[in-house]
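Let's take a walk through this fold together, one region at a time. Keep the viewer open and follow along.

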Amino acid sequence: MLSDRRSFLEKMSQIGALSLLPLSASQASAALDNNAAAEEKNHFVAGPYLQNMGTDELTIMWITHKNCFSWVEYGQGTYTSMREFGYTNGLIEANNRINKITLKNLKPGTEHKYKIVSTEITGYKGSRVEFGETISSALLSFKTPAENEEEFKMVIFNDIHDRPQIIPQLLYRHGYTGNTRDYDFVVFNGDCFDWVSEEQQMIDHLIKPCVDIFATELPFILTQGNHECRGSFSRHIPDYYAYPENKYYYAFTRGPVRFVVLDSGEDKADDAVDYGGLIAFDRYRETQKKWLEKEVESAEFKKADFRVVLIHISPYHSGDWHGTLHCRQVFGPVLNKAKIDLQISGHTHRYMTHEPDADHNFPIVIGGGPLEGKRTLIKLHATKKQLDLKMIRDDGEVVGKFLIARKGKS
């Protein structure tokens with residue numbers, strides 16, 4: 001793996017450096033042992049990064065090098081007088097590396113300070129726990145949305161395909177107005193990876209670039225694309241992100257918008273030889289359809305000023321692969337009946353906008369692909385009066401836009 005190769009090269013460079021110094025064999029060996037010990041010291045591998053931000057709730061995640069007991073210290077304004085940890089069935093989450101801690105009963109529309117803390121667990125002697133060193137982050141901040149939030153801004157990526165440099169390139173080129181971030185949260189609308197093979201890939205190609213730019217202060221969402229379904233590590237993806245009820249399909253309200261997130265699944269049929277008979281996406285999409293039928297009848301959906309669908313493979317204008325056609329069959333009639341305002345997708349690697357037509361009575365935006373000249377950043381500014389969407393190509397040209405006024409809701 002990349003991490004093993006990197007570790008090997010670092011050790012070889014250390015040996016090479018030592019060979020230039022007039023050290024005895026015992027001194028050289030001791031130096032290498034010290035380097036190895038330092039290399040094993042506990043540290044934060046990734047994070048913190050924010051997930052599932054609501055008006056009064058937020059999940060904070062991070063990954064440690066060694067198994068730990070971890071918590072968040074936080075508070076309003078400049079104080080961190082409160083402390084939160086995770087627990088399951090009465091047991092506090094501990095002896096783990098991937099931390100997922102939810103803060104509840106936060107004050108809406110308020111600046112909060114926080115820091116993450118992890119104490120290494122070195123072992124157990126019977127029921128007694130042995131602890132090691134404690135590490136903590138710098139003091140960081142986030143602001144919860146107001147309950148009556150009337151507007152927000154978001155950006156949407158899609159189809160990065162293991163090219164993490166796209167994230168800073170597009171955000172720094174098109175995600176700012178002057179020196180101010182022009183977004184309140186970020187969506188990665190599927191296919192961030194070609195196939196998922198290890199933890200380090202997710203850290204290097206998505207989590208760390210987000211942390212470096214915005215994710216300690218602003219949340220992001222990863223929807224499942226068909227390529228997230230592939231690879232030996234794909235079934236572990238939910239461990240690294242916070243999904244409501246641990247499902248890839250869900251709904252949430254932000255300001256005047258009700259978002260419906262659907263999982264289009266794999267574009268291939270369930271009996272495709274690539275998967276060895278280990279996928280059941282037709283059944284999965286049918287399950288989502290039943291959930292979707294209930295969601296579009298909910299009070300939260302009906303009272304929203306706008307309704308926006310996020311789905312990687314558009315049920316329309318995405319070719320005739322099995323997954324596309326099945327999405328059209330199960331989701332299409334429900335979405336047409338629900339009077340949604342906008343659908344945002346990816347998958348085709350060809351940026352397009354589609355006005356409502358005889359097949360779908362709502363506009364559709366499909367983002368571009370990962371190659372230079374094809375990459376897009378979709379920007380959405382939502383107010384109580386309108387949705388203002390612009391799709392910007394990597395060279396700065398606007399290649400798609402919609403201005404959707406609020407209409408009466410049933």
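**A guided walk through the model**

Begin at proline 48, which sits in strand β1 (residues 44-51); helices (H or I, at least four residues) and strands (E, at least two) are DSSP runs numbered from the N terminus. The peptide bond that leads from glycine 47 into proline 48 is cis, with omega near 5°. This is a predicted model, in which local features need pLDDT of at least 70 and side-chain atom pairs count only at pLDDT 80 or more, while totals for chains, interfaces and linings use all residues. Residues are numbered from 1 along each chain as its sequence is written, and side-chain values use heavy atoms, with hydrogens and water left out.

Another backbone feature to look at is asparagine 95, in strand β6 (residues 94-103). Its phi is near 60°, a positive value in a residue other than glycine. As background, most residues other than glycine have a negative phi, and most peptide bonds are trans. Asparagine 95 is partly exposed, with a relative accessible area of 33%; here buried means under 20% relative accessible area, exposed over 50%, and partly exposed in between (1.4 Å probe, protein chains only).

Now turn to the interior. The largest nonpolar core has 62 residues, a core being a set of buried Ala, Val, Leu, Ile, Met, Phe, Trp, Tyr and Cys residues joined through side-chain atoms within 4.5 Å. Phe157, Phe188, Leu206, Phe214, Phe220, Tyr241 and Leu342 have the most contacts inside it. Helix α4 (residues 199-213) contributes the largest share of this core, 7 residues. Apart from it lies another core, of 18 residues, including Val296, Val309, Ile311 and Ile366. In soluble globular proteins, nonpolar side chains tend to be buried together.

How enclosed is α4? Of its 15 residues, 12 are buried, so the helix is largely enclosed by the rest of the structure. Among the buried ones are Met202, Leu206 and Ile207. The length of α4 fits as well: at 1.5 Å a residue its 15 residues should span 21 Å, and its end C-alpha atoms are 20 Å apart, which agrees. That expected span is 1.5 Å times one less than the number of residues. At isoleucine 207, α4 bends by about 40°, and proline 209 follows within four residues; the bend is the angle between axes fitted to the seven residues ending at a position and the seven starting there.

Just before this helix, phenylalanine 193 lies in the loop between β13 (185-188) and α4. At 0% relative accessibility, phenylalanine 193 counts as buried. Leaving aside neighbours within four places in sequence, its contacts (heavy atoms within 4.5 Å) include Met202, Leu206, Leu222 and Tyr241. Tyrosine 241 in turn touches Phe193, and also Gln51, Met61 and Lys100, among others.

Tyrosine 241 leads us to some empty space, since it is one of the residues that line the largest cavity, together with Gln51, Asn52 and Phe220, among others. The volume of this cavity is about 60 Å³, and the structure holds 2 cavities of 30 Å³ or more. Strand β14 (residues 220-222) gives the most to the lining of the largest cavity, with 3 residues. On a 1 Å grid over the protein atoms alone, a cavity is a set of points where a 1.4 Å probe fits but cannot get out, whereas a pocket is an open set with protein on both sides within 12 Å along at least five of seven lines; lining residues have an atom within 4 Å of a point. Grid points are joined across faces, edges and corners, and a volume is the space filled by probe spheres set on the points.

The largest pocket holds about 800 Å³ of space. Of the 30 residues that line this pocket, Met53, Gly54, Phe252, Thr253 and Arg254 are the closest to its centre. Strand β15 (250-254) gives the most to the pocket lining, with 5 residues.

Finally, move on to helix α7 (residues 322-338), where 17 residues at 1.5 Å each should span 24 Å; the end C-alpha atoms are 24 Å apart, which agrees. A kink of about 45° lies at phenylalanine 331 in α7, shortly before proline 333. The buried residues of α7 include His326, Val330, Phe331 and Leu335, and among what covers the buried residues are α5 (281-295), α6 (299-303) and β17 (306-310). After α7 comes lysine 339, whose phi is positive, near 60°. Lysine 339 lies in the loop between α7 and β18 (342-345) and, at 45% relative accessibility, counts as partly exposed.
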